[in-house]
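Colleague: I am new to this structure. Could we go through it together?
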Amino acid sequence: MKVHILDDWFDTLKTLPSYARLADHDVTVWTDHVEDPAVLADRLAEAEALVLFRERTPVTQALLSRLPNLKLISQRGVYPHVDVPACTQQGVVLSSNQSAGRPSVAAAELTFALMLASARQIPQQMQSLKAGHWQLAPGQSLSGRRLGLYGHGRIGRQVASYARAFGMQVWWWGSEAGRARAEAEGETVAPSRAAFFGESDFVSVHVRLTPQTRGLITRDDLLAMKPTASFINTSRAGLVEDGALSAALEAGRPGRLALDVFDPEPFTDTEDPVLSHPSVIATPHIGYVTEDELDHQFADIYDQINAFAEGAPIHVINPEVL
């Protein structure tokens, strides 16, 4: 098959062991980011299989209608960036492994790294040292402090295991079903949403972005947090209500934000009041971007292509096309 891979910005995929799984295909890798549907359509005119690098490029009806040779979109994880009805209308199979049972260790590790960086103000302390000013004010130890995890899923549970190794107190909030799962596993669930936000020293959100969860974390939630607390988001920017981060920074509640996700992405506005605020630690959506994690994820993606080529598609989101 003629396989096109989008948005491999650092041309990493060819260097990973899993790339060998595409040996029987004609592969083109695009290393820049293009949003114009007309330009994309011209590039992908001969593509039979399209590989998406997470949610970096939306796949719209306007794009799909200009790709008559496309038969398969192969990706991994959730797919809010893909117009599934349009795929079905165009006869394009969408395959996406939902990775049941395995957490993204890379995302959990970055979450904890941001928590440590926020508690000890590592970027700010580095900047002070390099500017010749030596130390800033003291930071916080994690041991004995309370971590609130919103969303009792695989990544949240992985973060909880790290937190306990550091001697933190962990409690949970989330949907009614999620809280029930946590309680069934013997976890501590906050007595109320207000207590969860108001009494946690750190809050980290681990929820999938869907139409139902958009704006899930509200302005009032953040303003209820302590001035000494930190809010960490390595999931999706859309989980937080529009304007809530700016309101939090203005009020100083919580006192610090640690963010890996933005809207839109790539996000390059250096004048943005949230990104440029001194109380914000930010990384450019690198939660899953490690060689190990990419090799694991793209092995699944390539397996989906091979299964389709062999006439036995797997992880199909729109089976009515088959």
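**Sheet and strands**

Modeller: This is a predicted model. An open sheet of six strands follows the order β7-β6-β8-β9-β10-β11, with parallel pairing.

Colleague: Which are the edge strands?

Modeller: The edge strands are β7 (169-173) and β11 (280-282), each of which pairs on one side only. Neighbouring strands of this sheet are turned by 15° against each other on average, direction ignored.

Colleague: How many bridges are there between β6 and β7?

Modeller: Strand β6 (residues 146-150) pairs with β7 over five bridges, in the parallel sense. Trp-171 in β7 is the bridge partner of Gly-148.

Colleague: Which helix lies across β6 and β7?

Modeller: Helix α6 (residues 154-165) does, and it runs at about 160° to β7.

Colleague: Now to β5. Why is it largely enclosed by the rest of the structure?

Modeller: Strand β5 (residues 93-97) is largely enclosed because five of its five residues are buried. In a regular strand the side chains alternate between the two faces of the sheet. In β5 both faces are covered, with Val-93, Ser-95 and Asn-97 buried on one side and Leu-94 and Ser-96 buried on the other.

Colleague: What joins β4 to β5?

Modeller: Five bridges join strand β4 (residues 72-76) to β5, and the two run parallel. The chain crosses from β4 to β5 through helix α3 (residues 84-90), in a right-handed β-α-β crossover. Leu-72 stands opposite Val-93 in β5.

Colleague: And Thr-111, is it buried or exposed?

Modeller: Thr-111, which lies in helix α4 (residues 105-120), is buried, with a relative accessible area of 0%. Leaving aside neighbours within four places in sequence, Thr-111 is in contact with Val-159, Ser-204, His-206, Ile-232 and Thr-234.

Technical notes:
Residues are numbered from 1 along each chain as its sequence is written. This is a predicted model: local features need pLDDT of at least 70, side-chain atom pairs count only at pLDDT 80 or more; totals for chains, interfaces and linings use all residues. Side-chain values use heavy atoms; hydrogens and water are left out. Buried means under 20% relative accessible area, exposed over 50%, partly exposed in between (1.4 Å probe, protein chains only). Helices (H or I, at least four residues) and strands (E, at least two) are DSSP runs, numbered from the N terminus. Two strands pair if DSSP finds at least two bridges between them. A crossover is right-handed if, with the strands pointing away from the viewer, the path from the first strand over the helix to the second runs clockwise. Contact means heavy atoms within 4.5 Å. Axes are lines fitted to C-alpha atoms, for helices over the stretch in contact, and angles run from 0 to 180 degrees between N-to-C directions.
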